[in-house]
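Here is a friendly walk through the strands, helices and cores of one protein chain. Keep the 3D view open while you read.

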Amino acid sequence: GMDSQRAAEILDEMSPDDAADVLADLPEEKAEELLDLMEPEESNDLRKLLKYPENTAGGIMTTEFAYVNQDLTVTQVLNSLRRMADDVETIYYVYVISKKGDLVGVISLRDLLLAEPKQNVSEMMHTRIIKADVMENQHEVAQKIAKYNLIALPVVEEETKLRGIITVDDAIDIVLPTAWKKRVPRMFVR
């Protein structure tokens, strides 16, 4: 019932995974109208997310995550993170990609902060990466996040092409029944 321009502005400000959920629940014509009214970059991100089925990793991932090129030094990575801080959902992990866009490693923010400034990120990144395929079932993704105690899980296409991440809060949304989600905040307020 909201004015379309106002709705598009709100969607522009939402995280991509949440905005995609809203659009997926709307009639196709209305969703397309709102996408056309949105900022082009945001609209393109949402169109990519909407191509994945809702119950898959691709359907619940966000495209706002921290990633850097593998040939950067720690100092360059930290400077890059400062520039992208407002545009990413979380910066607990930084994903390292090759020039081709392949996921080649991951490094925690803690490791970056403790590293020598001139050290190359490729020398310190973890290369054994727990990841999900874009078409992997969302329940399997939630189980991986829980099993490995992750804050976020990278999502890839074609084995190595980094497409997004799924955060632990999104995994909790999958496994907690709606009734419990409504009760949880009250359990901690006294």
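A strand here is a DSSP run of E with at least two residues, and strands, like helices, are numbered from the N terminus. By that definition, I166 is found in strand β6. Please keep in mind that this is a predicted model.

**Around I166**

Is I166 buried or exposed? With a relative accessible area of 0%, I166 falls under the 20% cut-off, so I166 is buried. Strand β6 (residues 161-167) is itself mostly covered, with five of its seven residues buried.

Which residues does I166 touch, once residues up to four places away in sequence are set aside? The list consists of A57, I60, M61, V141, I145, I151, A152, L153 and V155. One of these contacts, A57, lies 109 residues away from I166 in sequence, yet the two C-alpha atoms are 7.4 Å apart in space.

**The sheet that holds β6**

Strands β4, β5 and β6 form an open sheet of three strands in the order β4-β5-β6, with mixed pairing. Its edge strands are β4 (132-133) and β6, each of which pairs on one side only. Strand β5 (residues 152-157) runs antiparallel to β6, and six bridges join the two. In this pairing, E157 stands opposite K161 of β6. The hairpin of β5 and β6 has three residues between the strands, and E158 takes a positive phi near 55 degrees there. On the other side, β4 and β5 pair in the parallel sense over two bridges, and A132 has V155 in β5 as its bridge partner.

**The sheet built on β2**

A second open sheet to look at has three strands in the order β1-β2-β3, and its pairing is mixed too. Here β1 and β3 are the edge strands, each pairing on one side only. Neighbouring strands of this sheet are turned by 30 degrees against each other on average, direction ignored.

Why is β2 largely enclosed by the rest of the structure? Strand β2 covers residues 93-97, and five of the five are buried, so the surrounding structure largely encloses this strand. Both faces are covered: Y93, Y95 and I97 are buried on one side, and V94 and V96 are buried on the other.

Strand β1 (residues 67-69) runs parallel to β2, joined by three bridges. Within this pairing, Y67 stands opposite Y95, and V68 has V96 as its bridge partner. Helix α6 packs on the sheet, touching β1 and β2, and its direction makes about 140 degrees with that of β1. Together, β1, helix α6 (residues 74-84) and β2 make a right-handed β-α-β unit.

Strand β3 (residues 103-108) pairs with β2 in the antiparallel sense over five bridges. Y93 has S108 in β3 as its bridge partner. Five residues lie between the strands in the hairpin of β2 and β3, where G101 takes a positive phi near 90 degrees.

The strand pairs of both sheets can be set side by side:

| Strand pair | Sense | Bridges |
|---|---|---|
| β1 and β2 | parallel | three bridges |
| β2 and β3 | antiparallel | five bridges |
| β4 and β5 | parallel | two bridges |
| β5 and β6 | antiparallel | six bridges |

As a reminder, strands of a sheet pair through backbone hydrogen bonds, either parallel or antiparallel.

**Nonpolar cores**

How many residues make up the largest nonpolar core? It has 38 residues, and those with the most contacts inside it are L23, L46, M61, Y95, V141, I145 and I166. Strand β5 gives the most to this core, with four residues. A second, separate core has 17 residues, among them L81, I91, A115 and V121.

Y95 deserves a look of its own. Leaving aside neighbours within four places in sequence, Y95 is in contact with F65, A66, Y67, V68, L103, G105, V106, A152, L153, P154, L162 and I165.

**A helix pair**

Finally, turn to helix α3 (residues 28-37) and helix α4 (residues 40-50), which pack at an angle of about 150 degrees with their axes 9 Å apart. From α3, the contact uses E32, L35 and D36, while α4 brings S43, L46, R47 and L50. Sorted by class, this contact has three nonpolar, one polar and three charged residues. L46 links this pair to the earlier picture, being among the residues with the most contacts inside the largest nonpolar core.

Technical notes: Residues are numbered from 1 along each chain as its sequence is written. This is a predicted model: local features need pLDDT of at least 70, side-chain atom pairs count only at pLDDT 80 or more; totals for chains, interfaces and linings use all residues. Side-chain values use heavy atoms; hydrogens and water are left out. Buried means under 20% relative accessible area, exposed over 50%, partly exposed in between (1.4 Å probe, protein chains only). Two strands pair if DSSP finds at least two bridges between them. A crossover is right-handed if, with the strands pointing away from the viewer, the path from the first strand over the helix to the second runs clockwise. Axes are lines fitted to C-alpha atoms, for helices over the stretch in contact, and angles run from 0 to 180 degrees between N-to-C directions. Contact means heavy atoms within 4.5 Å. Ala, Val, Leu, Ile, Met, Phe, Trp, Tyr, Cys and Pro count as nonpolar, Asp, Glu, Lys and Arg as charged, and the others, Gly among them, as polar. A nonpolar core is a set of buried Ala, Val, Leu, Ile, Met, Phe, Trp, Tyr and Cys residues joined through side-chain atoms within 4.5 Å.
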